[in-house]
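Biologist: Thanks for sitting down with me. Could you walk me through this model, one question at a time?

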Amino acid sequence: HRPGALPDRRLCHGIGIFVRLAGQKALSYSLKSSNLKKMENNPSHQRPSLQDIQRYVEKWGAAPLVVHQLRDNIYWVEGAGANSGVVVGQNGVIVIDAKVSAAAGKKLLDEVARITPKPVTNVILTHGDGDHVMGLASFPVGLSIIAQENCKKDMEAANAAGLMGVLPSTVLPNYTFKAGAFLSFEGIRFQLFHFGPSHTNG
């Protein structure tokens, strides 16, 4: 998630070649690498309030984005949440993970528009942590949004809790898989895998 990580590690996590899953509860999503998460796990600190979390998310989402080109049609975008992937296909764009907030999601879409005039047509979610999904609030309706089935359940549970806001039902995953999926979008083939317990429940 941070500058200094190995490029291939960024690619695997941020671009979502592998969907890594586990049993982390939805209520603790998205704060795994933040000071708030450290506070939450440390009994000597007070548990952060909803207002604390929302202020932190707003600040995180305001961070600048940096676009890195990997190949002619493949990019990864750091900042304002988890790394995101951008893959430009024949007639549209596949985005992998959508940043931490609506504001960050809009910035991501603005960066896509600078890369290509082609519209975003598909979104792949690596898992349901808020820093990967809350930017969907700024995405257009009618997209194909792909995730492992537990990711959708976690996102629905997080919506009910309202910890980092509520995503419209129109941007929740509308295509889910269990063990894996072999998909083709915009002339590009994607292989998605669920290997078992790891970082989240989906």
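Biologist: Let me start with one residue: is Val95 buried or exposed?

Modeller: Happy to help, and keep in mind that this is a predicted model, where local features need pLDDT of at least 70, side-chain atom pairs count only at pLDDT 80 or more, and totals for chains, interfaces and linings use all residues. Residues are numbered from 1 along each chain as its sequence is written, and side-chain values use heavy atoms, with hydrogens and water left out. Buried means under 20% relative accessible area, exposed over 50% and partly exposed in between, with a 1.4 Å probe and protein chains only. Val95 has 0% relative accessibility, so Val95 counts as buried.

Biologist: In which strand is Val95, and which residues is Val95 in contact with, leaving aside neighbours within four places in sequence?

Modeller: Strands are DSSP runs of E with at least two residues and helices are runs of H or I with at least four, numbered from the N terminus; Val95 belongs to strand β4. Contact means heavy atoms within 4.5 Å. Leaving aside neighbours within four places in sequence, the contacts of Val95 are Gly85, Leu108, Val112, Val120, Asn122, Val123, Ile124 and Phe139.

Biologist: What is the mean pLDDT of the protein?

Modeller: pLDDT is the predictor's confidence in each residue, from 0 to 100. Over residues 1–40 the pLDDT is below 50. Across the protein, 76% of residues reach 70 or more, and the mean is 77.

Biologist: Which strands stand at the edges of the open sheet?

Modeller: Two strands pair if DSSP finds at least two bridges between them. The sheet has 7 strands in the order β1-β2-β3-β4-β5-β6-β7, with mixed pairing. Each edge strand has a single partner, so one side of each is left without a neighbour in the sheet; these strands are β1 (66–71) and β7 (175–177).

Biologist: At what angle does helix α4 run to β3?

Modeller: Axes are lines fitted to C-alpha atoms, for helices over the stretch in contact, and angles run from 0 to 180 degrees between N-to-C directions. Helix α4 (residues 102–115) lies across β1, β2, β3, β4 and β5. The angle between α4 and β3 is about 30°.

Biologist: Which element gives the largest share of the largest nonpolar core?

Modeller: A nonpolar core is a set of buried Ala, Val, Leu, Ile, Met, Phe, Trp, Tyr and Cys residues joined through side-chain atoms within 4.5 Å. This core has 34 residues, and Leu125 and Met155 are among those touching the most other members. With 4 residues, the largest share comes from α4.

Biologist: Which backbone nitrogen does the side chain of Thr116 reach?

Modeller: Thr116 sits in the loop between α4 and β5, and at 7% relative accessibility it counts as buried. Not counting residues up to four places away in sequence, Thr116 touches Val88 and Val93. At 3.1 Å, its side chain reaches the backbone nitrogen of Lys118.

Biologist: Which residue in the turn between β8 and β9 has a positive phi?

Modeller: Strand β8 (residues 180–185) and strand β9 (residues 188–193) run antiparallel, joined by 6 bridges. One of the bridge partners is Gln191 in β9, opposite Phe182. The two strands form a hairpin with 2 residues between them, and the turn residue with a positive phi, about 50°, is Glu186.

Key:
Polar contact = N/O pair within 3.5 Å; in protein donor to acceptor, adjacent residues only side chain to side chain.
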